[in-house]
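Work through the exercises below with the sequence and the 3D structure side by side. Each task is followed by a solution that proceeds step by step.

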Amino acid sequence: MDEELGELAGDVLIEDGLILDIAESIPTGGADIVELDGAVVMPGLIDSHIHLWQSAIRGLAAQCWGREYFGLVHPLSGRVRVTDMYASTYGGAIELLQSGTTTVFDFCHATNSAEHAEASLRALDESGIRGLFGFCFRHRPEAPIEGFTTLEERFDVLSRLVDQWSGHERVGLGVALNNIDHVSPEVHAQEVAAARRLGLRQSLHSNLPGQVTLSAKMGLLGDDLNWVHAGPIDDDEIGMLAEQGGSIAFTPEVEAALMGVAPRVGVAHRRGVPVSIGTDVPSALNGSLITQLRIARAVTRAVDMQQERAQNRPGTRTPTHPSFDTMDLLRMATIDGARVLGLEDRIGSVTPGKRADLLVIETAPFGLAAGRADDFVVYQASARNLTRVYVDGRLVVRDGVHVTADLREVRTRLDETRDWVLGRAADSEWPVIDDEMRARYEAGQGKAS
Ligand SMILES: [Zn+2]
């Protein structure tokens, strides 16, 4: 994924977490040798949009359609305790690592107290993943564990946590903004200003038309703001992002299979707007970005073909060049994801001087056969092929399994959290999530106050 190096067969030298050299042959010196013999080495994948607090309720939203997810899953964020944040974030991060994701933006809806944020940061750190915890400004009046009464209190805690984690090599903070349609434009502007004072990356769900225009009118667009889904974005707004800054987080399976949104990312990509990729909802899907890349290919090609049909060009002719070819897809999950998170100087490609976040993808039994390495990774590899995952030069996954996590204990903690959050545990009946609350969340995702 390094533009200058391209693809080469050879050696990678790592020292103190850093990629020191890449060449056809590097003298071994006193180095430990890892013989990979024909495997593909590539940068670790970057998930720019996921809600790890949902990891313990895997499957709950699998049958959801449209806005049902908001009514079924989002009210549960008020039930999440500190211990649940740790269990879900840690379990989710382990799954991501085992799927080849080495960096994550964890967009939280459940930052119910300072201790909740601390638990998530600790879980990300202890899992060995690299990532930004997306501290949320969302206030839930019905939350049983509500550590904040004002937005200013949230800003203060965020500021303290940024100081506390500023020197950390792998883990830091970002901001999970409230939807623009959930707060007043003034509050939205305050949130963005608070994030910018601290120099943090921000992420924002956008499911309604006109929001990029509103943000542009308020002078708030910028490269530090990642628009999630942005399905209703129009051509003028794509132009605004291209000129004034901003990127898109594409979550292909959620958008196509849960929400029913036709993505505009093909047009955005052609106009130079960075597009990153995410798995989004652990309550419905697994954490494999390679699966998402395959779905991204199918969905974006279907949209390309539909556009050609709409222009009255018959479907039998060969479609023009797709919006995303294989390398574009891989960039979406590596270097473009790094750019969106402001980490492109440190990760996103196998480049001397960058941190050693690497995947080793075994090609046996076929080898690359008649194909190319990029095609192999996106279309033919599966989790079985992922033999080694390194983060910051440390081996974190070997033969598909996390090297330090006690997976049995992880499972026990996830089960306990699931039972509490779903109200199955004897002492977890509060708050009552009734039809009225569900309907309210479905209509407006539980408006922030
Ligand atoms: Zn989301």
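As a starting point, Val391 stands opposite Arg394 in strand S14. The model is predicted, so to speak of local features a pLDDT of at least 70 is needed, side-chain atom pairs count only at pLDDT 80 or more, and totals for chains, interfaces and linings use all residues. Residues are numbered from 1 along each chain as its sequence is written.

**Exercise 1. Determine how S13 is placed between its partner strands, and whether S13 is enclosed or open.**

Step 1. Strands are DSSP runs of E with at least two residues, helices are runs of H or I with at least four, and both are numbered from the N terminus; two strands pair if DSSP finds at least two bridges between them.

Step 2. On one side, S13 pairs with strand S12 (residues 358–361) in the antiparallel sense over four bridges, and Ile361 stands opposite Leu386 in S13.

Step 3. S13 also pairs with S14 (residues 394–398), again antiparallel and over four bridges. The hairpin of S13 and S14 has two residues between the strands, and in it Asp392 takes a positive phi near 55 degrees.

Step 4. These strands belong to an open sheet of five strands in the order S3-S12-S13-S14-S15, with antiparallel pairing. Its edge strands are S3 (40–43) and S15 (401–402), each of which pairs on one side only.

Step 5. A residue is buried if 20 or more other C-beta atoms, placed from the backbone, lie within 10 Å of its own, exposed if 12 or fewer do, and partly exposed in between. Five of the six residues of S13 (residues 386–391) are buried, so the strand is largely enclosed by the rest of the structure.

**Exercise 2. Trace the neighbours of S5 in the sheet of eight strands.**

Step 1. The order of this open sheet is S4-S5-S6-S7-S8-S9-S10-S11, with parallel pairing. S4 (45–50) and S11 (275–277) stand at the edges with a single partner strand each, so one side of each is left without a neighbour in the sheet.

Step 2. S4 and S5 pair in the parallel sense over four bridges, and the bridge partner of Asp47 in S5 is Val104.

Step 3. Five bridges join S5 (residues 101–107) to S6 (residues 130–136), the two running parallel; in S6, Val104 has Gly131 as its bridge partner, while Thr103 stands opposite Arg130.

Step 4. S5 is mostly covered, seven of its seven residues being buried.

**Exercise 3. Describe how H8 packs against H10, and which residues make the contact.**

Step 1. H8 (residues 252–259) and H10 (residues 289–310) pack at an angle of about 60 degrees with their axes 8 Å apart, where axes are lines fitted to C-alpha atoms, for helices over the stretch in contact, and angles run from 0 to 180 degrees between N-to-C directions.

Step 2. That angle makes H8 oblique to H10, given that angles under 35 degrees count as roughly parallel, over 145 as roughly antiparallel, 65 to 115 as roughly perpendicular and the rest as oblique.

Step 3. Pro252, Glu253 and Ala256 of H8 meet Gln292, Ile295, Ala296 and Val299 of H10, a contact requiring C-beta atoms, placed from the backbone, within 7 Å.

Conventions: Contact = placed C-beta atoms within 7 Å.
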